[in-house]
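Trainee: I have this one open in front of me and I'm not sure where to begin. Could you start with how the helices pack?

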Amino acid sequence: MEAQIDFFDFLKGALDSALDSKNGHLDLFARFLIGISHDSSRDLLQGLLGETLSSSEHNKKLIGYIKILKRKSLSPERCINLVHCLLELKDHTILHNDNQVSSSDTPQTPFQCSRLALMFMSEKPEEFDFRNKQTSEEGFYRLAPALQSCTTALLNCCHMKPLLCATVASVLRSPNSCITVLDLGHNNLGDVGVRRLCDGLWNNNCKVETLNLSHNNVGEQGVKELCKVLIRPTLKLLTLDLSCNDFGDLGLESLAFALYERCTLQALRLSGCLITMPENVSSALGIALRSDPFKMKELDLSYNPIGDVELDFPFQLKLNLEHRGESRNKPGLQKYACELTLDPSTANGFLILSEGDRKVMCQRKDQQYPITRDRFDNCNQVLCKEGLDKRHYLEVECLHNVNIGMAYKRIERKGTGDSVTLGCNANSWTLYASKYKAHAKHKEMIHRLQLPKIKARALQSRSVSGLAGRHIVLLHGQPIGHTDPSVCIPHHIH
């Protein structure tokens, strides 16, 4: 019995020593010792290990000890080594548990983040995709090795807090960092998060060429922090997306001075930023864009309240001024607001429209509407008259549970089934909202949403929102062709 206890203590001591190592020089040794302690290895080595515990009891104790260790504050590399140790012990529960968590239903645990980092580093793809996932500060910290080894980091819609930008910045400062494309859109980082991120962008090791900070509540101070980075001679950034951040003309003026000083950006996207372009700002930006050498190739100023002013910009510049005007002079989502009316010729017989075709209610009695080609004959759905393209925002007052959707006009109208019902086919998306829960659906794939945590994020192109109680929820559509505009469809009104 004494030998059994000594051997188990020996393995624990080896593992503890490996975890205490800062450079990881004992990682492989610890995995080797744990690997040979497994029953399959012991059978091969026969009597070399002497008397040990039975395989099942031995493995159970080691696995239990390792899973306790994973809850301690450890470096990302040491946490990944713990995953390796569990794999050496053939603990397949880590694979099973990892598959039970969807992309957004439940936050990824720190251990799952270590597992994800290991899988990514083993496969070595160029793109690390963590979109629509969320985790704790410790969990995100454990993703650092994966971020460091990828060239494209997709971290949009991750519920990232400003504090997590410190982890991203540390990755960008690393000599081994490979990131050239960094997508942090839809994360509400604010000025504090941008300032933390700039600590990494400022470093000479940073290789980022494309940076997306759209929909992040970046204000004037955040833009000023970015401008300090933009004038760095070693900066490699070529494309910067700051769309849907309401920093206004003061932010644009700061960017203009940065462009004039040294900035080598080739594409700058400022869509929906409350820019009115007064004469002094227009003049400063024009001078900056004409400075030698000319670098800027693309400037997006769409969805801004810019009037019919004459802009003296270089003719080589690809300038986007679409969808501008006074209606865009509203903060947040309101700049994309639109009003829709329902189309009576499409309404199912159990739906009644009222208040100028702006209200719909479901009845138990069939209204015996005239038969039309566009009417939903067996599915409680109704289309809106207006087709939607580009960006739109609307609010829907829901008296009870409701499904609100968006679809191509080619969606089928007759019969029932997946080809007709919103969210069950490739031609439509739907958002279900009630007082207590909500989910989005497309092609039968459900994306659950947590209402208390939903915030009013700015819309991506071709998107629709609905209002349920006091929570604003958004349905993000897919790109829609110019020849087949989308249609907003409230349906299944209860």
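Mentor: Let us begin with α10 and α11, which are roughly parallel to each other; angles under 35 degrees count as roughly parallel, over 145 as roughly antiparallel, 65 to 115 as roughly perpendicular and the rest as oblique. Keep in mind that this is a predicted model, in which local features need pLDDT of at least 70 and side-chain atom pairs count only at pLDDT 80 or more, while totals for chains, interfaces and linings use all residues. Residues are numbered from 1 along each chain as its sequence is written, and side-chain values use heavy atoms, with hydrogens and water left out.

Trainee: At roughly what angle do the axes of α10 and α11 cross?

Mentor: The axes of α10 (residues 165–173) and α11 cross at roughly 10° and come within 7 Å. Such axes are lines fitted to C-alpha atoms, for helices over the stretch in contact, and angles run from 0 to 180 degrees between N-to-C directions. Helices here are DSSP runs of H or I with at least four residues, strands are runs of E with at least two, and both are numbered from the N terminus.

Trainee: Which residues make that contact?

Mentor: On α10 they are C165, A166, V168, A169, L172 and R173, and on α11 they are G193, R196, L197, D199, G200 and L201, where contact means heavy atoms within 4.5 Å. By class, this contact of α10 with α11 has 7 nonpolar, 2 polar and 3 charged residues. For those classes, Ala, Val, Leu, Ile, Met, Phe, Trp, Tyr, Cys and Pro count as nonpolar, Asp, Glu, Lys and Arg as charged, and the others, Gly among them, as polar.

Trainee: And how do α11 and α12 cross?

Mentor: The axes of α11 (residues 190–201) and α12 (residues 220–230) come within 8 Å and cross at roughly 5°, which means that α11 is roughly parallel to α12. D191, V194, R195, C198 and L201 of α11 make this contact with E220, Q221, G222, E225, L226 and V229 of α12, and the residues divide into 5 nonpolar, 2 polar and 4 charged.

Trainee: OK, switching to strands. What is the order in the open sheet of 8 strands?

Mentor: The order is β1-β2-β3-β4-β5-β6-β7-β8, with parallel pairing, and two strands pair if DSSP finds at least two bridges between them. The edge strands are β1 (127–129) and β8, each of which pairs on one side only, and from one strand to the next the twist averages 5°. Strand β1 is joined to β2 (residues 152–154) by 3 bridges in the parallel sense, with F128 opposite A153 of β2.

Trainee: So F128 sits at the edge strand. Which residue does its ring stack with?

Mentor: The F128 ring pairs with that of F130, and because the centres are 6.2 Å apart and the planes are at 5°, the pair is stacked. The rule is that rings of Phe, Tyr and Trp (its six-membered ring) pair if their centres lie within 6.5 Å, with planes under 30 degrees apart counted as stacked, over 60 as edge-to-face and the rest as tilted. F128 and F130 are both buried, where buried means under 20% relative accessible area, exposed over 50% and partly exposed in between (1.4 Å probe, protein chains only). Together with F120, these two phenylalanines form one aromatic cluster.

Trainee: How many aromatic pairs are there by that rule?

Mentor: The count comes to 4. Another one is Y303 with Y336, an edge-to-face pair at 5.5 Å centre to centre and 70° between the planes. Y303 lies in the loop between β7 (298–300) and β8 (318–320) and Y336 in the loop between β8 and β9 (351–354), so this pair ties together parts that are 33 residues apart in sequence. Y303 is buried with a relative accessible area of 4%, and Y336 counts as buried at 1%.

Trainee: What about β12, is it buried or exposed?

Mentor: Strand β12 (residues 402–408) is mostly covered, with 7 of its 7 residues buried. One side carries V402, I404, M406 and Y408 and the other N403, G405 and A407, and both faces are covered. The strand β12 runs antiparallel to β13 (residues 428–433), to which 6 bridges join it, and I404 has L431 as its bridge partner in β13.
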